[in-house]
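User: Please take one part of this structure and examine it closely, setting out how its elements are placed against one another. I would prefer a single connected account to a list of values.

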Amino acid sequence: MDGPLLWKSTMLLRSMFAQNYRSLRSIRMDLAGVNVFIGENGVGKSNLYRSLQLVQAAVRGTFAHEIAAEGGMASALWTGPRRDEKNFRIKLEVEVLDEERAVTWRYWVEAGLRPPAAAGFAFEPQIKAEELCFEAGSRPVTMMKRSGPGIMVRGDRGRMEDYPEQAMTSETAIAMLGDAGHYPEIAAFRRLIDGWRFFHGFRTDRESALRRPCLAVTSTLLDQDGANMAAVFATLVHTRGDTVELDRAISSALGGAKLHVPEPGEHAEFGLIFPDFPRRIFQPRELSDGQIRFLGLAAALMSYRQPPLIALNEPEASLHQDMLSPLADMIAAAARFSQIWIVTHSQRLASAVEERCGVRPKRVIRKDGATWIQGMRLTGVVEDEGDD
């Protein structure tokens, strides 16, 4: 058996900026290792989460598809008062610190509507501009810059030069260049962002992927739909051979239950053994929505490898209140290796994470009709927010 493969990512999402996206009029904020966002319904918590997911979509080359899937640009654009209707655009930006190399990466992308009589579909996003730069010394160095269809990229000699291929209006340049094979720095940044994991919620109905066996393929990370959960558990049990923290969390949350994972054959499977029925293995189809959802969160937070960023949107949904403390324990354990982003309605969960991780939850509010963080300055710093 291999030993635990646990390493702390040296990549930290240091700040994010979103403008003109849904309820996000213009918001910039600094981020920590653990970030908890709490607020009432309708204040825009999920839009913060979604804006970060769209950055990943831009890097993957699926930005236009993601916007189209949520109703197109007409739905995605800020709907409040607009000063400049003609050039109104969504802008998303992230700043990522590579602590090991002492390098800061900045990537931003702007998207707007199709101009009259221009090519492209009416409601798909038109990528207007992009830029990727890094800063290792006193001044930033631009690696890639895109304006309209034209792309400039830093070549082997350290000079900006025209990229021979133009981008379609719905394509992102960073995805094109990341696939080109000639720009290792751009490809490295793309791999980093591609490694983020977003868990918006798991289906828990009878047809849920979490309730079904999956192909027996070594799985070091949980898929975002949870479809490989049985393989993730099998990898932990039969490859790592160390499930102490996972067993403790499951036992605490599920009334002393024990995870049962047989040696995989063609498929990986799992079940639960409860103290009152020690000779019976309860199959996933027999478990409650809350039980199967907790197992999905356990697989996301305690997988064989840890992604650089784990984002959970309302993880408390369907969970019994007694499961929130074990969930906070798993979040604290994952935070040793991954940056954490949590959107929640639950004050109990937020308080439990604060107690274990020493971070104050950020209160999401509406300010002048737009999503905002209570006590946050325009610079992105939250007043009286400690480092502990």
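Analyst: In what follows, two residues are in contact when they have heavy atoms within 4.5 Å of each other. The model is a predicted one, and the part chosen here is helix 9 with its surroundings.

Helix 9 spans residues 324-334, and eight of its 11 residues are buried, so the helix is largely enclosed by the rest of the structure. The buried positions are Leu324, Pro326, Leu327, Ala328, Met330, Ile331, Ala333 and Ala334. They pack against helix 7, helix 8, strand 15, strand 16 and helix 10, the last of these covering residues 347-357.

Helix 8 may be taken first among these partners. Its axis lies 9 Å from that of helix 9, and the two helices pack at an angle of about 15 degrees. Because angles under 35 degrees count as roughly parallel, helix 8 is roughly parallel to helix 9. Their crossing is left-handed. Helix 8 contributes Phe294, Leu297, Ala298 and Leu301 to the contact, while helix 9 contributes Pro326, Leu327, Met330, Ile331 and Ala334. By class, this contact has nine nonpolar residues, with no polar and no charged ones. The spacing of such positions can be read against helix geometry: an α-helix has 3.6 residues a turn, so residues three or four places apart point the same way.

Alanine 334 belongs to helix 9 and merits separate attention. Its relative accessibility is 1%, which is why it counts as buried. Beyond its neighbours within four places in sequence, alanine 334 is in contact with Leu301, Gln306, Ile310 and Ile340. Its C-alpha atom is separated by 9.9 Å from that of alanine 298, a residue 36 positions away along the chain.

Helix 8 (residues 289-301) also packs with helix 7 (residues 244-253), here at an angle of about 160 degrees and with the axes 11 Å apart. Since angles over 145 degrees count as roughly antiparallel, helix 7 is roughly antiparallel to helix 8. The crossing of this pair is right-handed. From helix 7, Leu246, Ala249, Ile250 and Ala253 meet Phe294, Leu295 and Ala298 of helix 8. The residues of this contact divide into seven nonpolar, no polar and no charged.

Strand 16, another partner of helix 9, covers residues 339-344. Six of its six residues are buried, so this strand too is largely enclosed by the rest of the structure. Both of its faces are covered, with Gln339, Trp341 and Val343 buried on one side and Ile340, Ile342 and Thr344 buried on the other. Strand 3 (residues 34-38) pairs with strand 16 in the parallel sense over five bridges, and valine 34 stands opposite isoleucine 340 of strand 16. Strand 15 (residues 309-313) likewise runs parallel to strand 16 and is joined to it by five bridges; here asparagine 313 stands opposite valine 343.

Finally, the loop between strand 14 (271-273) and helix 8 contains arginine 280. Its relative accessibility is 38%, and it therefore counts as partly exposed. Apart from neighbours within four places in sequence, arginine 280 is in contact with Leu272, Ile273 and Glu286. A further reference point for this loop residue is asparagine 87, 193 residues away in sequence, with 64 Å between the two C-alpha atoms.

Definitions and conventions:
Residues are numbered from 1 along each chain as its sequence is written. This is a predicted model: local features need pLDDT of at least 70, side-chain atom pairs count only at pLDDT 80 or more; totals for chains, interfaces and linings use all residues. Side-chain values use heavy atoms; hydrogens and water are left out. Axes are lines fitted to C-alpha atoms, for helices over the stretch in contact, and angles run from 0 to 180 degrees between N-to-C directions. Helices (H or I, at least four residues) and strands (E, at least two) are DSSP runs, numbered from the N terminus. Angles under 35 degrees count as roughly parallel, over 145 as roughly antiparallel, 65 to 115 as roughly perpendicular and the rest as oblique. A crossing is left-handed if the near helix is turned anticlockwise from the far one by less than a right angle, and right-handed if clockwise. Ala, Val, Leu, Ile, Met, Phe, Trp, Tyr, Cys and Pro count as nonpolar, Asp, Glu, Lys and Arg as charged, and the others, Gly among them, as polar. Buried means under 20% relative accessible area, exposed over 50%, partly exposed in between (1.4 Å probe, protein chains only). Two strands pair if DSSP finds at least two bridges between them.
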